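Me: I'd like to go through the ligand site and the empty spaces of a protein model with you. Could you back each label with the value behind it?

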Amino acid sequence: MRIPLLAANWKMNMTRREARVMVEDLLARVGDLRDREAAICPPFHLLSEVGSLLAARPSIRLGGQDLYWKDSGAFTGEVSAPMLRDVGCHFVIVGHSERRALFGETDSSCAQKVTAAQNHGLVPILCVGETLEEREAGRTQERVVSQFRGALQGLALDSGERLVVAYEPIWAIGTGKTDSPEEANRTMSLLRATLAELFGERIAAQVRLLYGGSVKPENIDAFMACREIDGALVGGASLKAESFARIIQFQ
Ligand code: PGA
């Protein structure tokens with residue numbers, strides 16, 4: 001019932017030329033997607049370019065990597081939900097761990113961003129995840145549930161299709177280490193149970209839960225075989241057409 005979603009987070013990478021070469025190569029490798037969806041979240045300066053290249057492939061969507069919750073005004077350096085919509089975005093990443101760790105993002109700023117995204121018809125990809133110390137102290141579940149509750153505070157959700165959640169253990173991002181699929185699945189089933197408490201069973205069953213953290217062609221099939229894992233948020237391995245195409249074509 002939930003359509004798998006394979007989302008690329010390019011982070012602060014790629015020139016216009018590199019992006020064009022990568023996307024053209026990707027489109028040549030993956031045909032029309034029927035039973036799955038993909039997304040590319042490039043840095044802001046590439047949204048228009050990548051959006052034009054993806055226009056003929058509605059199953060590969062465009063996404064932003066962040067947004068500010070006001071619509072417009074004196075907020076130097078920020079980009080708003082209406083602006084992301086204007087350039088053709090469907091998704092927007094909210095609360096990525098790099099934004100939390102390096103740019104002061106908090107659960108309450110995430111909550112404002114999730115609401116702003118939804119008010120303007122964007123689907124937020126809300127990221128949660130624990131640090132290595134939290135993991136080793138046995139606090140993974142408590143940590144991700146509290147981030148989750150903080151960021152979804154006050155949200156009225158009438159359809160689970162309007163929200164995507166990415167569980168990304170911070171120690172697995174960009175490190176080559178991954179959570180085991182079984183362990184990730186266990187944490188994600190807890191997130192689904194929390195969604196059911198907050199929004200009811202029907203909506204919880206519709207929300208797509210992505211795993212993120214060193215997803216690669218070699219491990220995607222094992223993650224996608226897990227019951228609660230509906231897709232992946234992919235950093236490093238999404239920068240090359242060959243590896244991201246293989247991830248999209250998981251078996
Ligand atoms: P990674 O990044 O795939 O390079 O570990 C994932 C992410 O940060 O979303």
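Reply: Sure, this is a predicted model, and we'll take the ligand first, then the cavity and the pockets.

Me: What makes the pair between the ligand and the side chain of His-96 a polar contact?

Reply: The cut-off is 3.5 Å between N or O atoms. An oxygen atom of the ligand is 2.7 Å from an N or O atom in the His-96 side chain, so the pair counts as a polar contact.

Me: Which backbone atoms make pairs with the ligand that pass that test?

Reply: Gly-174 has a backbone N or O atom 2.7 Å from a ligand oxygen, and a polar backbone atom of Gly-235 is 2.8 Å from an oxygen atom of the ligand. Both pairs fall within 3.5 Å, so they are polar contacts too. As for cover, the ligand taken alone exposes 290 Å², and the protein buries 95% of that.

Me: How do you know which residues belong to the shell around the ligand?

Reply: A residue is in if one of its heavy atoms lies within 4 Å of the ligand. That gives 13 residues, the closest being Lys-11, His-96, Glu-168, Gly-174 and Ser-214. By class, the shell has 4 nonpolar, 7 polar and 2 charged residues.

Me: Why is the ligand said to sit in the second largest pocket?

Reply: The test is that more than half of its atoms lie within 2 Å of the pocket's grid points. The space taken by the ligand is the second largest pocket, so the ligand passes that test. This pocket holds about 230 Å³ of space. Its lining has 18 residues, with Gly-174, Val-234, Gly-235, Gly-236 and Ala-237 closest to the centre.

Me: Why is one space called a cavity, and how big is the largest?

Reply: In a cavity a 1.4 Å probe fits but cannot get out, whereas a pocket is open. The count comes to 1 cavity of 30 Å³ or more. The largest cavity has a volume of about 50 Å³, so it clears that threshold. Its lining includes His-96, Arg-100, Cys-127 and Glu-168, and the elements giving two or more residues to it are helix H4 (97–103) and strand E5 (123–128).

Me: What makes up the lining of the largest pocket?

Reply: By class, 9 nonpolar, 4 polar and 5 charged residues. The space is about 420 Å³, and the residues closest to its centre are Met-12, Gln-65, Asp-66, Arg-99 and Phe-103. H4 gives the most to this lining, with 4 residues.

Technical notes
Residues numbered from 1 in each chain as written. Predicted model: local features only at pLDDT ≥ 70, side-chain atom pairs only at ≥ 80, totals over all residues. Heavy atoms only, no water. Polar contact = N/O pair within 3.5 Å; in protein donor to acceptor, adjacent residues only side chain to side chain. Areas by Shrake-Rupley, 256 points an atom, 1.4 Å probe, with all protein chains shown as cover. 1 Å grid on protein atoms, 1.4 Å probe; cavity = no way out; pocket = protein on both sides within 12 Å on 5 of 7 lines; lining within 4 Å. Nonpolar A, V, L, I, M, F, W, Y, C, P; charged D, E, K, R; others polar.
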